[in-house]
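Let us walk through this structure together, one part at a time. Please keep the sequence and the model in view as you read.

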Amino acid sequence: MAEPESTVINTNVKQKDPSKALVIAVTTRAIFNLEKEHKLYLEKGKEEYTRHQQVNQDKPLPPGTAFAFIQAVQYVNKKMLESNPAEKDLFDILVLSNNSPESGARIINSAKHYGLEISKFCFVSDEDSTQYLKSHGVKLFLSADRTDVCNALQRGVSAALIFQQEVQAPSTPLRVVFDGDAVLFSNETDLIFQEHGLEGAVRYEQAMEAVPMGEGPLKTFAVHLGKMRRKFSQEKSPIRTYLVTARSGRDMGIRAIKTLREWGLAIDEAFFMDGAPKGPILAQIQPHIFFDDGLHNIQGAQNVGVPSAWVPSCC
């Protein structure tokens, strides 16, 4: 496999062991707000965009939707190392960019300005930059480009689409909210629901109660996150995880809980919404990131200022 056109190692950040670390790749448009620059690129072309970035290379880019999530991840690393200075189970962040190294200086300078501990900056000229994810051991990929996300999911990498939005920076600890079906779990019950309605889905769940659900696209990431979470007591943990699902707790909750137990995945709090809007509970949790496969739920989260990541099931 060809290497990225240019990989810049950040020598100011201690490099992690990729075989042990939870590697997260974010694109520049996910971590920084580059909407103005992206518009310039689409309207005026690559040369004008590159010139703009070079002229402004010392002007920090404003934070994007995934910015607070990356900051909270750094907080977890700090707490992990305070607890055990030899800890290897850490988050490792790399930035994947379609910028050339010439126009990428602004990205590196912006990360430095905000004190972001990015271990590597990969400037990739290929149209499909997701081909490099597996070679870097990436467990989660966040991008503002739907094609990128679909390509990553098809390569078996947990991935989600970030929508640019104004977000309030929530306080620590790191709080991550997962939807259930088609995110943590497979979409098997969703398909039954579409074909046979709610009654058919409830009957199916009751018949399959003892059988764990299939794996969803974010299961690998969630399990690794859970492994890090278990290193602390619940009171002292710098990580909190939540399940917020449209399922009814009474009719369809048992199988979900049994599946999480089978996977050894401890969730701090679970909310079975029975079809009610998720926005109000998300506003209360104030997560750093919320993963869902339903665009209506993403919209509801955005309406209350919650950073949201869509996991498309229709790639």
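A residue is called buried when its relative accessible area is under 20%, exposed when that value is over 50%, and partly exposed in between (1.4 Å probe, protein chains only). With that in hand, start at Asp-292, which is buried with a relative accessible area of 0%. Before going on, note that this is a predicted model, in which local features need pLDDT of at least 70 and side-chain atom pairs count only at pLDDT 80 or more, while totals for chains, interfaces and linings use all residues. Residues are numbered from 1 along each chain as its sequence is written, and side-chain values use heavy atoms, with hydrogens and water left out.

Asp-292 has a charged partner: Asp-292 and Lys-278 form a salt bridge (a side-chain nitrogen of Lys or Arg within 4 Å of a carboxyl oxygen of Asp or Glu), with their closest N and O atoms 2.7 Å apart. Asp-292 sits in strand E10 (residues 289-292) and Lys-278 in the loop between strand E9 (269-272) and helix H10 (279-285), so this pair ties together parts 14 residues apart in sequence. Helices (H or I, at least four residues) and strands (E, at least two) are DSSP runs, numbered from the N terminus. Lys-278 is also buried, at 3% relative accessible area. In general, side chains of opposite charge can pair when their charged atoms come close.

For a contrasting setting, turn to Lys-39 and Glu-43. Their side chains meet in a salt bridge at 3.2 Å, N to O. The two residues are four apart in helix H2 (residues 35-44), which means that about one helical turn separates them. Lys-39 is partly exposed, at 48% relative accessible area, and Glu-43 is exposed, at 55%.

How many salt bridges does the structure hold? There are 23.

Now step back to the protein as a whole. An automatic or database domain assignment supplies the domain bounds: domain 1 covers 7-162 and domain 2 covers 174-310. Their C-alpha centres lie 26 Å apart. Where they meet, 28 residues of domain 1 are in contact (heavy atoms within 4.5 Å) with 21 residues of domain 2.

The size of an interface is often given as the accessible area lost when the parts come together. Buried area here is the accessible area (1.4 Å probe) that two parts lose on being put together, summed over both. Between domain 1 and domain 2 it is about 2100 Å², and carbon and sulfur atoms give 76% of that. Leu-22, Phe-69 and Asp-89 supply 23% of the area that domain 1 buries against domain 2, more than any other three residues.

Charged pairs appear at this interface too, with three salt bridges counted between domain 1 and domain 2. In one salt bridge, the side chains of Asp-89 and Lys-231 meet at 3.2 Å, N to O. On the side of domain 1 that touches domain 2, helix H4 (67-83) is among the elements that each supply at least two residues. H4 gives the largest share of that side, nine residues.

Lys-231 also forms a salt bridge with Glu-87, their closest N and O atoms being 3.5 Å apart. This pair links distant parts of the chain, 144 residues apart: Lys-231 lies in the loop between helix H8 (219-229) and strand E8 (239-245), and Glu-87 in the loop between H4 and strand E3 (91-97). Lys-231 is partly exposed, at 37% relative accessible area, whereas Glu-87 is buried, at 13%.
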